[in-house]
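Student: I should like to learn how to read the features of a protein model from its coordinates. Could we work through one together?

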Amino acid sequence: MIYPDELGRIGAFCLAFLLAFTFRGASCELVVSPLGPTLLHALVGDNVTLAVSFTGAPDPVVLWSMGDATVGTWVINSTAPPDIANDRRNVLSMDATGSLSFVHVPLGYTSNYTVEMAKSGLGKSSVTFSLKVFDVIQNVALNEPSGSAREGAARFTLQYSMQRGVVEQQTWFFGATEIQANSHYSVEGSSLVIDRPNRSDTGRYTVLLKNPFSLVTSGVNVTVRYGPDEPVLETRPARPFYLEGDSLSVSCTADGFPPPTAEWVFGTQTTVVAYPGVLHLPRVQTSNGGLYVCTLLNAETGVKSQNNLTLNIYARPAGHSTCSVHSVNDVDLQYHCQWPGGTPPARLSFPALNATRNGVGNLSTILPASHDLDGKTVTCMADHPVELSNCSITAGAPRMFLPVVTTTVDPDGKIVVTIDCLSVASPPALVLWSKGSEDIAGTAPHQISGDTAQLQIRDYIVSNFLLQNYTCTCRNPLGSQRREIQLEGPSISHSGLFTNHNGTIVTLTWEVPPTSIVTGFDVQMKGPNSQSRNLSGTQKRGSSAGFHTIQQKPGRARSADIFFLDPKLTYGFRVIPKARTTAGQPSVVQTAGPGEGLSGSAIAGLAAGIPCGLLLLVLLGGLIYMCVYLRRNKSRQTRYPKPRAVEKAVTAPAELTPHPLLTGGLSSPDSNRLRQTSSERSVALPAFVPAPPVRTATIV
């Protein structure tokens, strides 16, 4: 239960509380409030009002500031008009609430505006507005500056321009990617700055400009000039080397923009070619080989780069490699190998003689002569980039040989005897000549050829050639061979005759000894009185009494044909060798015709065969006599009866028992019997008496 006193105390407390709040509200505070947003965007030419309201004091003083400058003051409800800055009166005005109005706001009025109200005895109150005046963005252009972008430059700047408009925000793009500010890209005002541009910065750049009332983009393609890099040189067709007559081209390329031009330098020649810098070389020669230098030039940046290439143009050496071996002072052997010509020269070596020594184009090696080198084959290896070759040479001592003797007559009528001593030898043998015991020095009447292998002897008289023997000695460092030559007078060693099937033509052939001195031949015929026609067509009449010359042949001839013979008549032919006017012994007479009889060779065969036949008959008669005599002596011997044991055996025929003549062999006939006279040889031989028959029995 609540007592009245307590209710009175509570009521007094509440009354005091209400009174306290009532007096507090009565103390006034000036407050200025914006009527709308404090950030305003205005299009140039629009009318704009920065509206405010205030509370807490009547008729306060209003002051508007544009940035730090006061643009208008006024006392609300004052009869005096607002005090507006003179240069702003055509744009600014204040209404009864103290709000600031803009008439056809121009671009220059973008700023922060602050309204401040004050009343005597009260505090100040203010509100700040931000006014941004924009214009529509028009005719934006993004241009590359006059200095083109070049790789390696310090910086490159892109800047946009526009005819009108206010940009609130700008955004840059490279391709479709937005550019973020970093160490490579930066935005400075209306420009994009690229630090140290490179070829990867080539592309399309776009700027996006916008404000609350418009949005515009503009772009430009930027090409960064760069290069040229180090040139790359290539040949087509690609080969390690080329041969004379080949056609090829050499290209010089490198990355760069704009494409660089190429300048080729070869020796003192300079050739400028456009990109891609291809130098054509048709049908090259070895003189076209060497160092080619290519220089690439970027005409816009002025940058140069250079590289070089060596072209190898070869020529094959002529023919094939050749080997030879020579005598040095008749003691040492010089092995020589050559393969002349060629570009580059061939490299030569004798691996079997000296593996470390080699030569270029020509190689010689001298070794002491030894038996190990006699018959040894040595190979020369020739190495050329175009072709590999080799040749071989075998050194050998002189081999056995036969001298060759030929005879001619010189214009002065002298007999010229030529002796050739050719021995197979490597190196070629040196020939030493001697006559008897004297060396031949090559003075008249002797003449030795340059290679010493031939000796010529000149004289009118044949007998002077036959006085002494000639000797030739073939010698090289590996050995020697020696032969003696005994010259002979004119002679025939063999002759023969061949007749055609009609018997009207005969061919007479002959041979002479190898060392015989012969300058010509007289072909002679013997036969009935008839005309014979020689090979030259002249007719000669001969006699059957003797031989007459029908043809004359030179010393090199070895046959003669005789025509127009009568096959029913018999003719004889012979050849007389001659050394100028000196005639030798005639050849054996060869006969032709039906009565020609036996030839000389047949007669000689018969002369030797008759004595041999008689001797054979005497030997046969003596053999028969001895057989008969031995058989008779055997049959006269005492015969004894055979034991029965023997009779039981099978007795072999008598013919199987060896005859004493067979077991003892044949005895030589008595030499005195062979020397019997013809009358003694005519005596009849003793009659042959056969031996008595021997009976043979077989007991079974």
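Tutor: The turns below go from the whole chain to sheets, salt bridges and the surface. Please keep in mind that this is a predicted model.

Student: Let us begin with the overall composition. How many helices and strands does the protein have?

Tutor: The protein has six helices and 53 strands. Of its 700 residues, 33% are buried. The accessible surface amounts to about 40900 Å², and carbon and sulfur atoms account for 55% of it. Among contacts between residues at least 6 apart in sequence, 60% join residues at least 24 apart.

Student: How should I read a sheet, and which strands stand at the edges of the one with the order β12-β13-β17-β16?

Tutor: In general, the strands of a sheet pair through backbone hydrogen bonds, in either a parallel or an antiparallel sense. Here, four strands form an open sheet in the order β12-β13-β17-β16, and the pairing is antiparallel. The edges are held by β12 (138-143) and β16 (185-188); each has a single partner strand, so one side of each is left without a neighbour in the sheet. From one strand to the next, the twist averages 15°. Four bridges connect β16 with strand β17 (residues 191-195) in the antiparallel sense, and Val 187 stands opposite Leu 192 in β17.

Student: Which side chains of strand β50 are buried, and which are not?

Tutor: The general idea is that side chains in a regular strand alternate between the two faces of the sheet. In strand β50 (residues 559-562), Ala 560 and Ile 562 point to one face and are buried, whereas Ser 559 and Asp 561 point to the other and are not. Strand β45 (residues 506-511) runs antiparallel to β50 and is joined to β50 by four bridges. Within this pairing, Leu 508 stands opposite Ala 560.

Student: Let us turn to charged side chains. How many salt bridges does a search of the whole structure find?

Tutor: Side chains of opposite charge can pair when their charged atoms come close. The search finds 14 salt bridges. One of them joins Arg 316 and Glu 387, with an N to O distance of 2.4 Å. Arg 316 lies in the loop between β28 (313-314) and β29 (322-328), and Glu 387 in the loop between β34 (377-383) and β35 (388-394), so the pair ties together parts that are 71 residues apart in sequence. Arg 316 is partly exposed at 33% relative accessible area, and Glu 387 is partly exposed at 26%.

Student: What do the side chains of Arg 475 and Asp 330 form, and where do these residues lie?

Tutor: Arg 475 and Asp 330 form a salt bridge at 2.9 Å, N to O. Arg 475 belongs to strand β42 (residues 470-476) and Asp 330 to the loop between β29 and β30 (332-338), so this pair ties together parts that are 145 residues apart in sequence. Salt bridges also link Glu 151, Arg 199 and Asp 229 in a network.

Student: Finally, which residues form a nonpolar patch on the surface?

Tutor: Tyr 625, Met 626, Tyr 629 and Leu 630 form such a patch, with about 380 Å² of accessible area together. A residue needs over 30% relative accessible area to be part of a patch. Met 626, found in helix α2 (residues 600-635), is partly exposed at 31%.

Methods. Residues are numbered from 1 along each chain as its sequence is written. This is a predicted model: local features need pLDDT of at least 70, side-chain atom pairs count only at pLDDT 80 or more; totals for chains, interfaces and linings use all residues. Side-chain values use heavy atoms; hydrogens and water are left out. Patches are made of residues with over 30% relative accessible area and no salt bridge: like charges are joined within 9 Å, nonpolar side chains (Val, Leu, Ile, Met, Phe, Trp, Tyr) within 5 Å. Accessible areas come from the Shrake-Rupley method with a 1.4 Å probe; for residues, only the protein chains shown count as cover. A salt bridge is a side-chain nitrogen of Lys or Arg within 4 Å of a carboxyl oxygen of Asp or Glu. Helices (H or I, at least four residues) and strands (E, at least two) are DSSP runs, numbered from the N terminus. Buried means under 20% relative accessible area, exposed over 50%, partly exposed in between (1.4 Å probe, protein chains only). Two strands pair if DSSP finds at least two bridges between them. Axes are lines fitted to C-alpha atoms, for helices over the stretch in contact, and angles run from 0 to 180 degrees between N-to-C directions. Contact means heavy atoms within 4.5 Å.
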